[in-house]
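Here is a friendly walk through one protein model and the molecule bound to it. Keep the viewer open as you read, and pick out each residue as it comes up.

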Amino acid sequence: MVKTLNIAHRGFSGMYPENTMQAFRKAVETGADGIETDLHITKDGAIVLCHDETIDRTTDGTGFIKDYTCRELMKFNAGHGERIPSLDELLDYMKDKNLLLNLELKNDIVHYKDLEKYTIDKIHQYGLEKNVIISSFNHYSMQKVKEYDSSIKTGLLYGLPIHKPGEYARRIGADALHPLFSLIMDKDIIGDIKENGILINTYTVNKESDMKKLIHLGVDGIITNYPNVLKKLI
Ligand code: G3P
Ligand code: MG
């Protein structure tokens, strides 16, 4: 049986401010196999890491990321005195570590033009193409990734049931499915996905009992806010 990868959701976000360098460093220190994070573009074209389209929930500021320059955004406190990191900062930190990096493009609400291209160019700049998987709830965007660079791995995020997800992923040329975990707690569904040669990285699994079930079902990766808990099980 393949080892299930331990992927820290927004970094070690269960204990540290999500999507900050502190949360990423703590995830690596706790022994996670990879990091998941969320990408947006600022007014001046920088890629930054934050979950929401606005900074209201996670910082002491308000407003949309797309309406701020990168320099303006860096002034806000994202928790524990941390700033919103740029993609460059994370890629620089990851470049000498042989870990998985799951870059989720947040382009299903705000349509950031050419986010795919800018992200892939950055991945090449840091030589991380073998370590990265790009994912999104916007599956058109995942096709764009493949059109721009077919060697970059893609994962299709979904939170509602899809009919024959394995067949679907293969048809649109994705490498992985990234389902909400409750949608795949079933041997037959996992079987369909595996038979189609598609990887499964499931989110967001925070309860030990769910982690155990998913490891037993043979998923390839578990995305969790608690990489410390998952670490003890695999
Ligand atoms: O990539 C897995 C997970 O992060 C997707 O949902 O909303 O937490 O970005 P969300
Ligand atoms: Mg995400």
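The sections below take up the ligand, the nonpolar cores, some buried residues and a few backbone angles.

## What you are looking at

Please keep in mind that this is a predicted model. Every value below was computed from its atoms, which is worth remembering when you weigh up a distance or an angle.

## Around the ligand

Let's begin with ligand 1. Its surroundings consist of His9, Arg10, Glu36, Asp38, His51, Glu104, Lys106, Phe137, Leu157 and Tyr203. Sorted by class, this shell holds five charged residues, three nonpolar ones and two polar ones.

Which side chains bring an N or O atom to an oxygen atom of ligand 1? Glu104 does so at 2.8 Å, and Asp38 does so at 3.3 Å. Lys106 also has a polar side-chain atom 2.8 Å from an oxygen atom of the ligand. On its own, ligand 1 would expose 290 Å², and the protein buries 90% of that area.

## Two nonpolar cores

Moving away from the ligand, you will find that the largest nonpolar core contains 54 residues. Within that core, Met94, Leu101, Ile134 and Ile184 have the most contacts. Helix 3, spanning residues 87-94, is the element that gives the most to this core, with five residues.

Met94 is a good place to zoom in. Setting aside neighbours within four places in sequence, Met94 is in contact with Ile35, Leu99, Leu100, Leu101 and Leu128. There is also a second, separate core of 12 residues, with Ala46, Cys70, Phe76 and Ile84 among them.

## Helix 1 and its cover

Which residues of helix 1 are buried? They are Met21, Gln22, Ala23, Phe24 and Ala27. The elements covering them include strand 1, strand 2 (34-41), strand 3 (47-49) and helix 3. Just after helix 1 comes Gly31, with a positive phi of about 100°.

## Two buried residues to inspect

Thr119 sits in helix 4, which covers residues 115-125. Is Thr119 buried or exposed? Its relative accessible area is 0%, so Thr119 is buried. The side chain of Thr119 reaches the backbone oxygen of Leu115 at 2.6 Å. Not counting residues up to four places away in sequence, Thr119 touches Leu39, Ile47, Leu87, Leu103, Leu105 and Ile134.

Pro227 belongs to helix 9 (residues 227-231). Pro227 has 0% relative accessibility and therefore counts as buried. Apart from residues up to four places away in sequence, Pro227 touches Asn6, Ala8, Phe12, Thr30 and Ala32. The C-alpha atoms of Pro227 and Val28 are separated by 9.2 Å, although these two residues are 199 residues apart along the chain.

## Positive phi outside glycine

Most residues other than glycine have a negative phi. Against that background, two residues deserve a look.

Asn19 is not a glycine, yet it has a positive phi of about 55°. Asn19 lies in the loop between strand 1 (5-9) and helix 1 (21-29). With 3% relative accessibility, Asn19 counts as buried.

Lys164 is the other residue to check, with a positive phi near 50°. Lys164 is found in the loop between strand 6 (153-158) and helix 6 (165-171). How does Lys164 fare for exposure: what is its relative accessible area? The value is 41%, so Lys164 is partly exposed, whereas Asn19 is buried.

Methods. Residues are numbered from 1 along each chain as its sequence is written. Chains are lettered from A and ligands numbered from 1 in the order in which they are written. This is a predicted model: local features need pLDDT of at least 70, side-chain atom pairs count only at pLDDT 80 or more; totals for chains, interfaces and linings use all residues. Side-chain values use heavy atoms; hydrogens and water are left out. A residue is near a molecule or strand if one of its heavy atoms lies within 4 Å of it. A polar contact is a pair of N or O atoms within 3.5 Å; within protein, one must be able to donate a hydrogen and the other to accept it, and residues adjacent in sequence count only if both atoms are side-chain atoms. Accessible areas come from the Shrake-Rupley method with a 1.4 Å probe; for residues, only the protein chains shown count as cover. Ala, Val, Leu, Ile, Met, Phe, Trp, Tyr, Cys and Pro count as nonpolar, Asp, Glu, Lys and Arg as charged, and the others, Gly among them, as polar. A nonpolar core is a set of buried Ala, Val, Leu, Ile, Met, Phe, Trp, Tyr and Cys residues joined through side-chain atoms within 4.5 Å. Buried means under 20% relative accessible area, exposed over 50%, partly exposed in between (1.4 Å probe, protein chains only). Helices (H or I, at least four residues) and strands (E, at least two) are DSSP runs, numbered from the N terminus. Contact means heavy atoms within 4.5 Å.
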